Amino acid sequence: EGSYGRAETIRVPALELDAAVRSCNIAAESVAVVWSDAQGSDTSVIETGSALWSAGVPLFVEFWPPGLATKGGVDAFVNRASEHFREFIHADNGGHEVLKALDACGDRRRAPRPVAELRGLEVIAANYPGQFTDVLLLP
């Protein structure tokens with residue numbers, strides 16, 4: 001409360017990602033990409049979207065170590081990501097440039113890297129404004 005000029009709390013219902021997709025009668029296989037900016041709760045996004053990841057849906061996500069630290073840390077994020085994704089493309093710090101990251105899939109200069117290497121982005125992100133970067137996780 002009081003953050004960002006707000007003076008009240010607004011409560012909204014929350015659903016796990018797979019449940020949200022099902023509630024809209026959308027087949028996981030028909031989803032092209034999930035774009036998430038969950039302010040540090042990105043590990044929960046991964047944990048609750050297993051049907052999507054099993055269907056081969058990539059996840060474009062903000063990698064923000066200070067936010068992740070409030071929800072289990074970078075290690076928890078990488079561990080969960082490793083359960084569902086094989087590789088990632090560092091989208092750099094362009095700020096939510098999902099199309100650029102998707103285009104990079106065919107760019108041999110920006111080949112996908114093993115998910116375990118996400119830990120190395122912690123140092124890189126610390127040098128960016130806002131201490132975050134974006135990654136495209138590939139099942």
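**Close-up 1. Glu87 and Arg86, salt-bridged neighbours.** The side chains of Glu87 and Arg86 come together in a salt bridge, with 3.7 Å from N to O. This view, like the others here, shows a predicted model. Glu87 is partly exposed, its relative accessible area being 24%, whereas Arg86 counts as exposed at 55% relative accessibility. Elsewhere, salt bridges with shared partners connect Glu47, Arg80 and Glu83 into one network. The next view turns to two members of that trio.

**Close-up 2. Arg80 and Glu83 within helix 5.** Here the side chains of Arg80 and Glu83 meet in a salt bridge with an N to O distance of 3.1 Å. Both residues belong to helix 5, and because they are 3 residues apart there, about one helical turn separates them. How accessible is each partner, Arg80 and Glu83? Arg80 is partly exposed, with 28% relative accessible area, while Glu83 is exposed, with 52%. Remember to look for Glu47 as well, since it is joined with Arg80 and Glu83 in one network of salt bridges that share partners.

**Close-up 3. A salt bridge between Arg119 and Asp75.** A search of the whole structure gives 5 salt bridges, and this view shows one of them: Arg119 with Asp75, at 3.0 Å from N to O. The pair links distant parts of the chain, 44 residues apart. Arg119 sits in the loop between strand 4 and helix 7 (121–126), and Asp75 in helix 5 (residues 73–84). Both ends are open to some degree: Arg119 counts as partly exposed at 34% relative accessibility, and Asp75 is partly exposed with a relative accessible area of 46%.

**Close-up 4. The open sheet and its edges.** Five strands make up an open sheet, in the order 1-2-5-3-4, with mixed pairing. Which strands stand at the edges? They are strand 1 (34–36) and strand 4 (113–114); each has a single partner strand, so one side of each is left without a neighbour in the sheet. Further in, strand 2 (residues 59–63) pairs with strand 5 (residues 133–138) in the antiparallel sense, over 5 bridges. To find your way along this pairing, try Phe63, whose bridge partner in strand 5 is Thr133.

**Close-up 5. Trp35 and Phe60, an edge-to-face pair.** Of the 3 aromatic pairs in the structure, this one has ring centres 5.6 Å apart and planes at 85 degrees, so Trp35 and Phe60 are edge-to-face. Trp35 lies in strand 1 and Phe60 in strand 2, so the pair ties together parts that are 25 residues apart in sequence. The two rings' residues contrast in accessibility: Trp35 counts as partly exposed at 48%, whereas Phe60 counts as buried at 0%.

**Close-up 6. Trp53 and Phe85, a tilted pair.** The final view shows another aromatic pair, Trp53 with Phe85, whose centres are 5.0 Å apart and whose planes stand at 50 degrees, a tilted arrangement. Where do the two residues lie? Trp53 is in helix 3 (residues 50–54) and Phe85 is in the loop between helix 5 and strand 3 (87–90), so the pair ties together parts that are 32 residues apart in sequence. Both Trp53 and Phe85 are buried.

Note on methods: Residues numbered from 1 in each chain as written. Predicted model: local features only at pLDDT ≥ 70, side-chain atom pairs only at ≥ 80, totals over all residues. Heavy atoms only, no water. Pairing = 2+ DSSP bridges. Helix = DSSP H or I, 4+ residues; strand = E, 2+ residues; numbered from the N terminus. Salt bridge = Lys/Arg side-chain N within 4 Å of Asp/Glu carboxyl O. Buried < 20%, exposed > 50% of the residue type's maximum accessible area, 1.4 Å probe, protein only. Phe/Tyr/Trp six-rings, centres within 6.5 Å; stacked < 30°, edge-to-face > 60°.
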